[in-house]
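Thanks, everyone. Let me put the structure up, and then we'll go through its rings and its cores.

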Amino acid sequence: MNYYKCGHIMTTHGLKGDLKIKNLSDFDRFKKGNTLYILHNFEYIPVVINKATLFKGDTYLVSFKDLLDINLVEKYHSDDIYISDKERELDEIDGYYYSDLIGKTIINQKGDIKGIVKEIKELPQYNYLVVEYNKKNVLIPFIDEFIIDVKDNEIIINEIEGLF
């Protein structure tokens, strides 16, 4: 089984086993009932979320079933949280992981290469592909009007006038 880092345990919080966890995932992994794995002493320990609430910014207060006491969770301070490839499966058929999009070549509908995806930027309206083109960053909304197809190594876009 493969594991993917999705969080980092920053510290304990209170006496009932709550942990402050920094979210390192593009998706909300911290929901009641989700199974995650704590990497502790080179071993992946499965844990099920009992409760999770957003604390500040990208930090959550999380408690795990059967670990509802500070004495049971102190040892996990500074450990990382992982998700297995089994739990990593996407909910939507047209969903993509950010890491799967970064590095893909952008090609317009005419077949012209326009650049490489450097990162994904989350803004209130949409998620945007950040593409370097002529030493400038161009934002392409990741919506059906602009994205024609996503293939193994490339993303085909509908280039409208003024986009680049």
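Start with one side chain: does tyrosine 44 count as buried, partly exposed or exposed? Partly exposed, because its relative accessibility is 32%, and the band for that class runs between 20% and 50%. Bear in mind that this is a predicted model.

Now the aromatic rings. There are six aromatic pairs in the structure. Take tyrosine 3 and tyrosine 44. Their ring centres lie 3.8 Å apart and their planes meet at 10°, so this pair is stacked. The cut-off for stacked is under 30 degrees. In sequence the two partners are distant: tyrosine 3 belongs to strand 1, tyrosine 44 to strand 4, and 41 residues separate them. Tyrosine 3 has a relative accessible area of 24%, so it is partly exposed. Both tyrosines also belong to one aromatic cluster, made up of Tyr3, Tyr37, Tyr44 and Tyr82.

Next pair: tyrosine 133 with phenylalanine 164. This one is edge-to-face, at 4.8 Å centre to centre, with 65° between the planes. Again, distant parts of the chain are linked. Tyrosine 133 is in strand 9, residues 127–133, while phenylalanine 164 is in the segment after strand 12, 31 residues apart. Tyrosine 133 comes out at 23% relative accessibility, so partly exposed. Phenylalanine 164 is at 26%, so it counts as partly exposed too. And phenylalanine 164 has a further partner: the charged end of lysine 114 sits over its ring, 5.0 Å from the centre.

On to the interior. In soluble globular proteins, nonpolar side chains tend to be buried together. Here, the largest nonpolar core has 18 residues. Which of them have the most contacts inside it? Ile21, Phe30, Leu36, Phe64 and Ile81. Strands 1, 2, 3, 4, 5 and 6 each supply at least two residues of this core.

Look at phenylalanine 30. Leaving aside neighbours within four places in sequence, its contacts include Ile21, Leu36 and Ile81. Cys6, Gly7, Asn23, Ile49, Ala52, Tyr60 and Val62 are also in contact with phenylalanine 30.

There is a second, separate core as well. That core has 16 residues, among them Tyr98, Ile106, Val117 and Leu163.

One last residue: threonine 59, in strand 5. Buried or exposed? Buried, because its relative accessibility is 9%, and the cut-off is under 20%. Beyond its neighbours within four places in sequence, threonine 59 is in contact with Met10, Lys20, Ile21, Lys22, Thr53 and Leu54.

That's the tour.

How values were computed. Residues are numbered from 1 along each chain as its sequence is written. This is a predicted model: local features need pLDDT of at least 70, side-chain atom pairs count only at pLDDT 80 or more; totals for chains, interfaces and linings use all residues. Side-chain values use heavy atoms; hydrogens and water are left out. A nonpolar core is a set of buried Ala, Val, Leu, Ile, Met, Phe, Trp, Tyr and Cys residues joined through side-chain atoms within 4.5 Å. Buried means under 20% relative accessible area, exposed over 50%, partly exposed in between (1.4 Å probe, protein chains only). Helices (H or I, at least four residues) and strands (E, at least two) are DSSP runs, numbered from the N terminus. Contact means heavy atoms within 4.5 Å. Rings of Phe, Tyr and Trp (its six-membered ring) pair if their centres lie within 6.5 Å; planes under 30 degrees apart count as stacked, over 60 as edge-to-face and the rest as tilted. A charge sits over a ring if NZ of Lys or CZ of Arg is within 6 Å of the ring centre and within 35 degrees of the ring normal.
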